Amino acid sequence: MSQAADPDREERSKAAMAGEIGILARRRIEAGIIAPLYEEMRERLGEEQAQAILDAAIRKAAIAAGRNFAAKTPGGTDLRSFQDLQALWTQDDALEIEVLKATDTEFDFDVHRCRYAESYRQMRLGAIGHLLSCNRDGVFCTGYDPRITLERKQTIMDGASHCTFRYRFDEDGDRT
């Protein structure tokens, strides 16, 4: 049976998302906590070192979050179950997306409005918004399932007109 026709898929997705708040709300809360820590690091260590520390810490947290969602996904992970998680990222009109392709091996979409970028700019964190959100995307999917990779050539956060998300699933890839 193809994953697209899996009658248990919706239930599996609900189990993985149970008790989760929308990601936009989560990112706003996190940014409020991270901002003063980042400012202190920047004052003591300089901009470059503060950003490097923040980048490393957030990437590790994103991998751990991906693994946490994977552990809550009954029946195991795949690109379809990953696609279902998108509801948490788009909740509260956080993203306006155009899905270009959604199959068992490809998930392509463009983001035309990003309230994550808007929120960071409003919070005067635009200079580190890419660290707070965008850099998480590629490593989150790896934490969720190492067979999933992301290619993204541009983001709204970096000034582009839209973000390009191109996820790929390698069925023969290493699950570890």
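T90 is partly exposed in this predicted model, because its relative accessible area of 22% does not fall under the 20% that would make it buried. The residue sits in helix α4. Setting aside residues up to four places away in sequence, T90 touches L95 and I97. There is also a long-range partner to look at: L24 is 66 residues away from T90 along the chain, yet the two C-alpha atoms are separated by 8.0 Å.

Just past T90 comes a loop with a couple of quirks. D92 is found between α4 and β1, the strand spanning 95-102, and D93 lies in that loop too. D92 has a positive phi of about 65°, although it is not a glycine. D93 likewise shows a positive value, with phi near 55°, and is again a residue other than glycine. As for accessibility, D92 has a relative accessible area of 44% and so counts as partly exposed. D93 reaches 62%, which is over the 50% cut-off, so D93 is exposed.

Stepping back to the whole chain, there are 6 helices and 4 strands. Read from the N terminus, the order of elements is α-α-α-α-β-β-α-α-β-β. Of the 176 residues, 42% count as buried. Among contacts with a separation of 6 or more, 63% come from residues 24 or more positions apart.

What sits in the middle of the nonpolar packing? The largest nonpolar core has 42 residues, and Y116, L132 and Y167 have the most contacts inside it. Several elements chip in with at least two residues each: the helices α2 (23-45), α3 (47-71), α4 (79-90), α5 (115-122) and α6 (129-144), along with the strands β2 (106-114) and β4 (163-169). The top contributor is α6, which gives 7 residues. A grouping of this kind fits a broader pattern: in soluble globular proteins, nonpolar side chains tend to be buried together.

L132 is a handy residue for seeing how the core is joined up. Leaving out its neighbours within four places in sequence, L132 is in contact with R27, A31, I34, L54, I58, Y120 and L125. Some of these partners turn up again in the helix pairs described next.

Take α3 and α6 to begin with. Their axes are 7 Å apart and the helices pack at an angle of about 40°. α3 and α6 are therefore oblique to each other, since 40° is not under the 35 degrees that would count as roughly parallel. The crossing of α3 past α6 is right-handed. On the α3 side, the residues involved are Q51, L54, D55, I58, R59, A62, I63, A65, G66, R67, F69 and A70, and they meet H130, L131, L132, N135, R136, V139, F140, G143 and Y144 of α6. Sorted by class, this contact has 12 nonpolar, 5 polar and 4 charged residues.

α2 packs against α6 as well, at an angle of about 125° and with the axes 11 Å apart. That angle makes α2 oblique to α6. Here R27, E30, A31 and I34 from α2 meet L132, S133 and R136 from α6. The contact of α2 with α6 divides into 3 nonpolar, 1 polar and 3 charged residues.

Which residues link α4 with α6? S81, F82, L85 and W89 in α4 meet F140, C141 and Y144 in α6. The two axes come within 12 Å and cross at roughly 135°, so α4 and α6 are oblique to each other. Their crossing is right-handed. By class, this contact has 6 nonpolar residues and 1 polar one, with no charged residues.

Finally, there is E151, over among the strands. E151 lies in β3, which covers residues 148-151. Is E151 buried or partly exposed? Its relative accessibility is 44%, so E151 counts as partly exposed. Not counting neighbours within four places in sequence, E151 is in contact with T164, F165 and R166. One of these, T164, is 13 residues from E151 in sequence, and the two are 8.0 Å apart in space, C-alpha to C-alpha.

Key
Residues numbered from 1 in each chain as written. Predicted model: local features only at pLDDT ≥ 70, side-chain atom pairs only at ≥ 80, totals over all residues. Heavy atoms only, no water. Core = buried A, V, L, I, M, F, W, Y, C linked by side-chain atoms within 4.5 Å. Buried < 20%, exposed > 50% of the residue type's maximum accessible area, 1.4 Å probe, protein only. Contact = heavy atoms within 4.5 Å. Axes fitted to C-alpha atoms, helices over the stretch in contact; angles between N-to-C directions. Parallel < 35°, antiparallel > 145°, perpendicular 65-115°, else oblique. Left-handed = near helix turned anticlockwise from the far one by under 90°. Nonpolar A, V, L, I, M, F, W, Y, C, P; charged D, E, K, R; others polar.
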